[in-house]
Protein chains: 4
Amino acid sequence: MTSYFSHIAPIRYQGPATDEALAFRHYDKDRVVLGKTMAEHLRFAVCYWHSFCWNGLDPFGGGTFERPWFQGGSPMELARQKADTAFEFFEKLGAPYYCFHDRDVAPEGATPKESHENLLRLVDVLGEHQQRTGMKLLWGTANLFSHRRFMAGAATNPDPELFGLAALQVRDAMDATMRLGGENYVLWGGREGYETLLNTDMGRELDQMGRFLNMVVEYKHRKGFKGTILLEPKPREPSKHQYDFDSATVYGFLTRYGLEKEVKVNIEANHATLSGHSFEHEIATAAALGILGSIDMNRGDPQLGWDTDQFPNNVPELALAIYHILQAGGLGSGGFNFDAKVRRQSIDAEDLFHGHIGGMDVCARALLVAEQMIVDGRLAAHVSQRYAGWDTPAAREILDGRVSLDQLADRVLARNTDVAPRSGRQEYLENLVNRFAG
Amino acid sequence: MTSYFSHIAPIRYQGPATDEALAFRHYDKDRVVLGKTMAEHLRFAVCYWHSFCWNGLDPFGGGTFERPWFQGGSPMELARQKADTAFEFFEKLGAPYYCFHDRDVAPEGATPKESHENLLRLVDVLGEHQQRTGMKLLWGTANLFSHRRFMAGAATNPDPELFGLAALQVRDAMDATMRLGGENYVLWGGREGYETLLNTDMGRELDQMGRFLNMVVEYKHRKGFKGTILLEPKPREPSKHQYDFDSATVYGFLTRYGLEKEVKVNIEANHATLSGHSFEHEIATAAALGILGSIDMNRGDPQLGWDTDQFPNNVPELALAIYHILQAGGLGSGGFNFDAKVRRQSIDAEDLFHGHIGGMDVCARALLVAEQMIVDGRLAAHVSQRYAGWDTPAAREILDGRVSLDQLADRVLARNTDVAPRSGRQEYLENLVNRFAG
Amino acid sequence: MTSYFSHIAPIRYQGPATDEALAFRHYDKDRVVLGKTMAEHLRFAVCYWHSFCWNGLDPFGGGTFERPWFQGGSPMELARQKADTAFEFFEKLGAPYYCFHDRDVAPEGATPKESHENLLRLVDVLGEHQQRTGMKLLWGTANLFSHRRFMAGAATNPDPELFGLAALQVRDAMDATMRLGGENYVLWGGREGYETLLNTDMGRELDQMGRFLNMVVEYKHRKGFKGTILLEPKPREPSKHQYDFDSATVYGFLTRYGLEKEVKVNIEANHATLSGHSFEHEIATAAALGILGSIDMNRGDPQLGWDTDQFPNNVPELALAIYHILQAGGLGSGGFNFDAKVRRQSIDAEDLFHGHIGGMDVCARALLVAEQMIVDGRLAAHVSQRYAGWDTPAAREILDGRVSLDQLADRVLARNTDVAPRSGRQEYLENLVNRFAG
Amino acid sequence: MTSYFSHIAPIRYQGPATDEALAFRHYDKDRVVLGKTMAEHLRFAVCYWHSFCWNGLDPFGGGTFERPWFQGGSPMELARQKADTAFEFFEKLGAPYYCFHDRDVAPEGATPKESHENLLRLVDVLGEHQQRTGMKLLWGTANLFSHRRFMAGAATNPDPELFGLAALQVRDAMDATMRLGGENYVLWGGREGYETLLNTDMGRELDQMGRFLNMVVEYKHRKGFKGTILLEPKPREPSKHQYDFDSATVYGFLTRYGLEKEVKVNIEANHATLSGHSFEHEIATAAALGILGSIDMNRGDPQLGWDTDQFPNNVPELALAIYHILQAGGLGSGGFNFDAKVRRQSIDAEDLFHGHIGGMDVCARALLVAEQMIVDGRLAAHVSQRYAGWDTPAAREILDGRVSLDQLADRVLARNTDVAPRSGRQEYLENLVNRFAG
């Protein structure tokens, strides 16, 4: 019996000049960049859901992908077949990590217990595949948004019974993540928000969500899990408003519930742009607030108002994002998870490879650009020099709280001179970036 | 000599049926609504800048308004003429409050000292007008965004000298506010953000802004000012990104710098929509986070991506906003400041009245709708009942932290039953609102 | 055996004061407004797809509605059950019209012929229901976007075989529409556009679409169909770009292919706002260009970038839209089709009624407001007076082409005087609208 | 006396490796690309307004640029000084073309006649500079949007007197363009639209605009002007809605007034994105409709809802745009006009050079990428093959109108087979582009 990808050879690095479409042109996993290999910097992960669970459906049309594991067997048999095929893909692609939701890998059962047991069984299957292939789990998560029971939220549901069902799923997904050596655990609250304020008590819902996250953190510590707990911001979709709107909002939420030292953010490029920010803005914000955790790598479409989850393809844009990640010291236990899907019309097995190869190559090329920006050093030096005035003792005194408003005002009034502004040099700096990225 | 508004009689309440355009149809200041007069609920303020300083200029064209106080005298003479005219307008309109920036009322001088002294002199003029008319100051603020010296920010400027000049202006504007009996003090940071991350150190800038705000709060307490310090969120414009993006972001900023009990937000309708939220969302969020302070009343245009600052004109929308304010217990020392301007083509003196009369009438009508919603009680009851499950002892135990994640998970697993979702009843609730608003 | 809506009594007009939620408060079908009954003005239609075919699925979650006709029988049996239930709903609601896609009413068969025959059979069923109930068909249409075969378009497909399959469906849907006495025929091209220009030849696709529409118009005339052919503009979604972007774009397309006298537009409120226009803009544009045909009544969410298809609920907004329709002389053979769906959480049978009742009442109330605006006459008079200068002989001469650019320029130069602008009076006019709508 | 740019040496091509910031790294004007020099392909123009007239003002702050020609002399002296400085800049930069509005180069006078004469005098000055330097005029235009008299439009003004004043300005600006050997004439209607439909008669205004444009075309022919008349689409800003919304809308307008063979579009990148399209979409649309004329080169900010007019800096994006221009056969008499401005904080003389050098280099680099895409040929071949079915006789018969809807439907029904869709290969094609652009 032939496998779904049996006609495709493992993907290898062949250099920029290769004419082979199913090869890497830039991602050379062992190439050393700023003291670490590309693989160590980028820690690529393939997500289970978009490539192995989604059937191409959109709000105006049914599935377009006809995968062998979508029908023709019992749910558990199909789940095993899906796992086999997914690992065939992972191995041939050569990304070191993968990510999953509980319901991606194991089917919902007729009862909570059956779902619980289905997951346990599939975790064994995944564990064997990991053992065999060396693949690792970047993070696990629980799907608390697809089933109709969660239509009004999970932790933020008006009904505490659903909070309980969510707790079961998260506990089990955390256990699965730990058993599989996962390096992080993610929570994305697609239904943790509201459709209309008319039926919503936002204060209650935030308190519920704060309590839920505290329970997760307590459990992590009790079990000795060393991975990072990550919240994934998204402003809206599916809900009209989601409470984890963006990194700055998540920071406020974490401080409100005492968790800003415990939880970080998993920033998705497309979620960033949907929230009215650039991707690098979200990275720089999370870095400034000390909560930069991991990346969901994809791109949105600047003309479309929903999550398109396309593979990234713009090197100069991505170079800025990676530059900010490197300046922040990297992602620690995080990585680059391709939360990206081939277009609905890309119905062939090869298309899954084209999408991921393109994405990995763009990231690798962007990493090389960012390396040049850092080695060159002019960008960082320009910023330091711009703020150099704040490193003087007089300015430090202000920041340290040793000068009051009216003391400072009186000093300025006594000196009685205006201050000339200096050019922000934006065009010069953009050209400097294009020296490496253009 | 005739005044600018001498041909316009004071505006009076004449009831819904009046055919007079220069009269209130709904705003009947002494009418009692839920135990307070309309005037006490709404605490309307007229802003100085849009109606008396702006000349109709936009990015593609010059001024269209030819006001007598725009030319033909020395800056200080014109400032006095502007003050006289503004108070003529305030008095004829019959809104009890006004608001200003330092530079709205007094011209920038050739030196910091001259600016300082110009403000002192004009504060005397304003004080006399207040005395004479009974007008009150809702809040004062400092303009730290129009002068070229602040092009790269005030508190967040890379140059500490500009932080100093900003401190002088804010100290003086706070002093002016206190002298005039102002009930709040506002900071809006139109340049406290960035144009490009390439020349920006966000961490430094946030720390500078945090320190500045702490200095303001310390000064307030030292001077015994009883008013509220308010930050006004806006996501962008003029800057590409502003740090006070929205209420949730401001909340995170306040907690980071220890100020969440000291500072509240002044929410502007148009700023809300520019940040990707509804106006009522921003109100409900600020209320849930305990930082709801005051309102800048206006509307944006849903098709335009910039701050249009139009007068509000949609009663059903505004009724929801006012409903949330009432549910939150009202605005305390805050009020409704019309941060709204007549369109650039509305060049006549009458147009200033039409804009404000329409805005006040829409708010008054919306207050009456909100009153009905509250008196009816079904909306609030529906929300309470929806969350009633959380008021049981078992649910309280979860929220109070007495149940761990796996305890709860195990209980749910043992019970092993699914939970049926209940209708969110959105259409029913929207119809219920339209019973009062439609 | 009880029917799905057996617990719900027919909806009746009970007046604004009624406490009954399942009653009309404003829609009094026989009330005469400007010489026609409300029913004649509004010609309400219920759409088949949202209320009887959609199961509550969204891009992040599965179905939430558990309707009896979704499972438990053969596709044809379920289609009959669905038709019975739909007509029970139509009758109880009291809207005079309905609308459908071919695939809404009859299941896709295993072959084109089977699909063709399924539709024929169901048309008989619908015909009997129409006979029995007096319900009428506002328009029919063909679904050329849900099946995977049309993933790259129907008329604009790169493969002419798909154009052929689309022709079959449209021919059959037109035949069905004619047999059922439909008053219009609609084409919406959700996949007539592109996902990426990289694989698209726009010139070819426009020519294909132009040819297809000409074939439809020729067929209409040959068969003697008296109804209007309507294109429904939408800018994007599901495609990245759709060729029928908005009314102005459709007008250009129609002129390019010689069809501007043959085809009109079916304007959807939510499609209007997605294209960057207000609903009334699209109506006024289509009216000015002579292609205003019919309305898909719903609303979008100003914060969401996709088609939310909510029921309308804002009377002042809708009053402006209806005002423009009335000013344009009404919709002729068109009507108000509720292309609107209850929210995914509104899972009960009652919710379908609440959505439609609210929508119909809001339209009825808006019609009454528009009536007042027209009877009052000041709005229209203001516009006429504003352009009165163009009615002078000298101005007519310019418009009629009897003055050349340099003749006019020389006259103006000879006169050598500037012209003072006049106030646009926007705030006054907005207040005037609120006199009726507020 | 030293000139404003005397400290800056002429900009030369120095190759990608140069360390000099004030040099071209990619724009090598004589380098041959696909049979023409870079200069011939790109036909760069510098615009007068952003670099020499704008003072850095934005809606929230005053000017930041302190140019010597902004004050200290009579308006005509300053205009001459501005012209001298502009040509010093043009010459040092080495772009072959420039563009201007009448009011950019000559001050508004106290009367129409004085304005007319001011322009005549400055045209002499410009002519001498052209003679001396070899600079050429890409296009001229008239500013019909900045003066308050045009606040309600020029050609679309409710007052025909304003139409007349606009005609004078356009006639004079066309004459100036012809005298200076301009290769095109542009009309951008920033106020040709509306602020509110409440005071607008759209049908009248479109007719006025159609008549105005016909007068322009008649004049062009009478004077024997060989250049192209160009309309510049923009969806909104400064008006709420502008009639020349995008290329497809302009096409419809042109056909309505019989001008689709006479007038083309000048597409601006930032206007494209403000209208909800990609830049390459607008180019491909105009090409498909036969109205592609010229380019206003700049970029917007995807997070900002207004015209930011930044210099382009993203090579992969621009490569797609230039690829579509080349595929359409180039721009003819059009060119690439930098309708771009340095940021308000870029206050130094050097910044004007950095902006333009970066923009020219990005375009040159993108041209080289597009050249590779074309030489490679796989992209174009992929598209041809995708539509190859339409080149068969059977398919041609359909397109040529020799098959009716029911003939085709009957054939398809008789054949009775479904058609399998084929992969759209989007990811493969995006990777192919990145082979050249990444």
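Helices and strands, as named on this tour, are DSSP runs numbered from the N terminus, and the model they are read from is a predicted one.

**First stop: A:D159**

Begin by selecting A:D159, which you will find in chain A in the loop that runs between β5 (136–141) and α6 (160–179). With its side chain displayed, look towards A:E161, whose backbone nitrogen the side chain of A:D159 reaches at 2.9 Å. Then bring chain B into view, since A:D159, once its neighbours within four places in sequence are set aside, is in contact with B:W390, B:V419 and B:R422. Which side chain of opposite charge is nearest to A:D159, and how far away is it? That side chain is B:R422, at 4.4 Å, and A:D159 is buried yet has no salt bridge; the pair is not counted as one because a salt bridge requires the side-chain nitrogen to lie within 4 Å of a carboxyl oxygen.

**Second stop: the axis relating chains A and B**

Keep chain A and chain B on display, and superpose them if your viewer allows: a turn of 180 degrees, with a shift of 0.0 Å along the axis, lays chain B on chain A with an RMSD of 0.0 Å. That is the relation of a two-fold axis. The same surface serves both copies, as 100% of the contact residues of chain B recur in chain A. To place the rotation axis by eye, select B:G252, which among the residues of chain B comes closest to it, its C-alpha lying at 1.8 Å.

**Third stop: D:P158**

Move next to chain D and select D:P158, in the loop between β5 (136–141) and α6 (160–179) of that chain. Is D:P158 buried or exposed? Its relative accessibility is 4%, so D:P158 counts as buried. Residues up to four places away in sequence not being counted, D:P158 touches C:R386, C:Y387 and C:W390 from chain C, together with D:A152 from chain D. If you also select D:K29, which stands 129 residues from D:P158 along the chain, you will find the two C-alpha atoms separated by 48 Å.

**Fourth stop: the interface of chains A and D**

Now show chain A together with chain D, where the contact takes 48 residues from chain A and 48 residues from chain D. The area buried between the two chains is about 3600 Å², and carbon and sulfur atoms give 39% of it. Select A:Q303, A:E427 and A:R435, which supply 18% of the area that chain A buries against chain D, more than any other three residues.

For the charged groups, the count between chain A and chain D is eight salt bridges; one to display is that in which the side chains of D:R425 and A:D348 meet, at 3.2 Å from N to O. Polar contacts across this interface number 26 residue pairs, both residues at pLDDT 80 or more. Colouring by helix is useful here, as α11 (315–327), α12 (349–376), α13 (378–386) and α16 (426–437) of chain A each supply at least two residues of the side that touches chain D, and α16(A) gives the most, with seven residues.

**Last stop: the axis relating chains A and D**

Chain A is superposed on chain D, with an RMSD of 0.0 Å, by a rotation of 180 degrees with 0.0 Å of shift along its axis. Select A:P302 to find this axis, for its C-alpha is the nearest in chain A, 3.3 Å from it. Of the interface residues of chain A, 100% are also interface residues in chain D, so the copies meet through the same surface.

Conventions: Residues numbered from 1 in each chain as written. Chains lettered and ligands numbered in written order. Predicted model: local features only at pLDDT ≥ 70, side-chain atom pairs only at ≥ 80, totals over all residues. Heavy atoms only, no water. Helix = DSSP H or I, 4+ residues; strand = E, 2+ residues; numbered from the N terminus. Buried < 20%, exposed > 50% of the residue type's maximum accessible area, 1.4 Å probe, protein only. Lys, Arg positive; Asp, Glu negative; His and termini not counted. Polar contact = N/O pair within 3.5 Å; in protein donor to acceptor, adjacent residues only side chain to side chain. Contact = heavy atoms within 4.5 Å. Least-squares fit on C-alpha atoms with pLDDT ≥ 70 in both. Buried area = accessible area lost by both parts, 1.4 Å probe.
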